[in-house]
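Colleague: Could you take me through one part of this model in close detail? I'd like to see how a single helix is built and what surrounds that helix.

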Amino acid sequence: MADGGEPGTLRPGGRTARVREAVLRAAEDALTEQGFTGLDLADIARRAGVGKTTVYRRWATVTGLVADLLLDMAEQSAPRTETGSLLGDLTANARLVQRTLTDPRQGALFKALIAAATCDPKTAAALRRFYDIRVREWAPCVRQAVDRGEVPEGTDTHEVVRAVSAPLYYHLLISGGRLDGAMADRAAEAAATAARAGVYVRA
C-alpha cells in the first residue's frame, strides 16, 4: 500500500470520502485526456467541484494525488476468482486484465500511468505498489495449485501471476493489435503450462 507519509493515502469517511471520490475521478479524466505532464491540481479541483485549498491541503502534489489514485484503483479492483484448477484461475485473471485494458477509459488511464512512471520516480513507486497489491491478491490461486499437486513445490506464486499479465501489457503498449479474449486465454495457458513444467520453481 502507499506510504503513510505520502499525501492523500489515508482512507477517509463521510464528506471527506465524497470529496476524495470526486477528486480521484477528476484526476482520472485529466490523466486520460492530458497525460501526466498535463496534470494540474487547480484544474483537477475545478473538475471535481471542490476548493483548490482542499486539494492542495490533502494531496499537496500531483504525485501524491496519483499515488492515492493508484491505491484506490487497487482497492476497487475485482477480487480473485477460484475455479478449482490452476488454468481456470489464471484464465479468470487474464480475462479480468484483458477486460480492464480494453475498456476505453481504463485502458487509456493505464497507458497514461505507465507513461508517467517512466519519467517520475514517485509515480513509478506508486505503480509498483499497485501491481504488488494485485499480484498478492491472485497469488493464493497458485499456492492452492501447489497444494493440489498441480505444480511443483517451491513455485514462485507471484512470478506465475505476473507471467499471465505480462504479454497482455506488452500487446497493449508495444504491438498494438487487438487484445481479445483468445489472447488472454493463451497467456493463461502459457503461464499454467510453464508452471506445471517447473519453470517458476525458485532456485
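Modeller: Happy to! Please keep in mind that this is a predicted model. Let's look at helix α8, whose buried residues pack against four other helices: α5 (86–102), α6 (104–117), α7 (121–148) and α9 (181–196). The residues of α8 that are buried are T157, V160, V161, A163, V164, S165, L168, Y169, H171 and L172.

Now for the helix from end to end. At its start, D156 places a side-chain oxygen within 3.1 Å of the backbone nitrogen of H158. The helix covers residues 157–175, and because each residue should add 1.5 Å, its 19 residues are expected to span 27 Å. The C-alpha atoms at the two ends are indeed 27 Å apart, so expectation and model agree. Along the way there is a kink of about 30° at S165, shortly before the proline P167. S165 is also one of the buried residues of α8. Just after the helix, G176 adopts a positive phi of about 75°.

For a look at another spot, try F36, in the loop between α1 (14–34) and α2 (41–48). F36 has a relative accessibility of 16%, so it counts as buried, the cut-off being under 20%. Setting aside neighbours within four places in sequence, the contacts of F36 are L31, V62, T63, V66, A116, D120 and T123. As for G64, its C-alpha atom lies 12 Å from that of F36, with their positions 28 residues apart in sequence.

How values were computed: Residues numbered from 1 in each chain as written. Predicted model: local features only at pLDDT ≥ 70, side-chain atom pairs only at ≥ 80, totals over all residues. Heavy atoms only, no water. Expected span 1.5 Å × (residues − 1). Bend = angle between axes of the 7 residues up to and from the residue. Buried < 20%, exposed > 50% of the residue type's maximum accessible area, 1.4 Å probe, protein only. Contact = heavy atoms within 4.5 Å. Polar contact = N/O pair within 3.5 Å; in protein donor to acceptor, adjacent residues only side chain to side chain.
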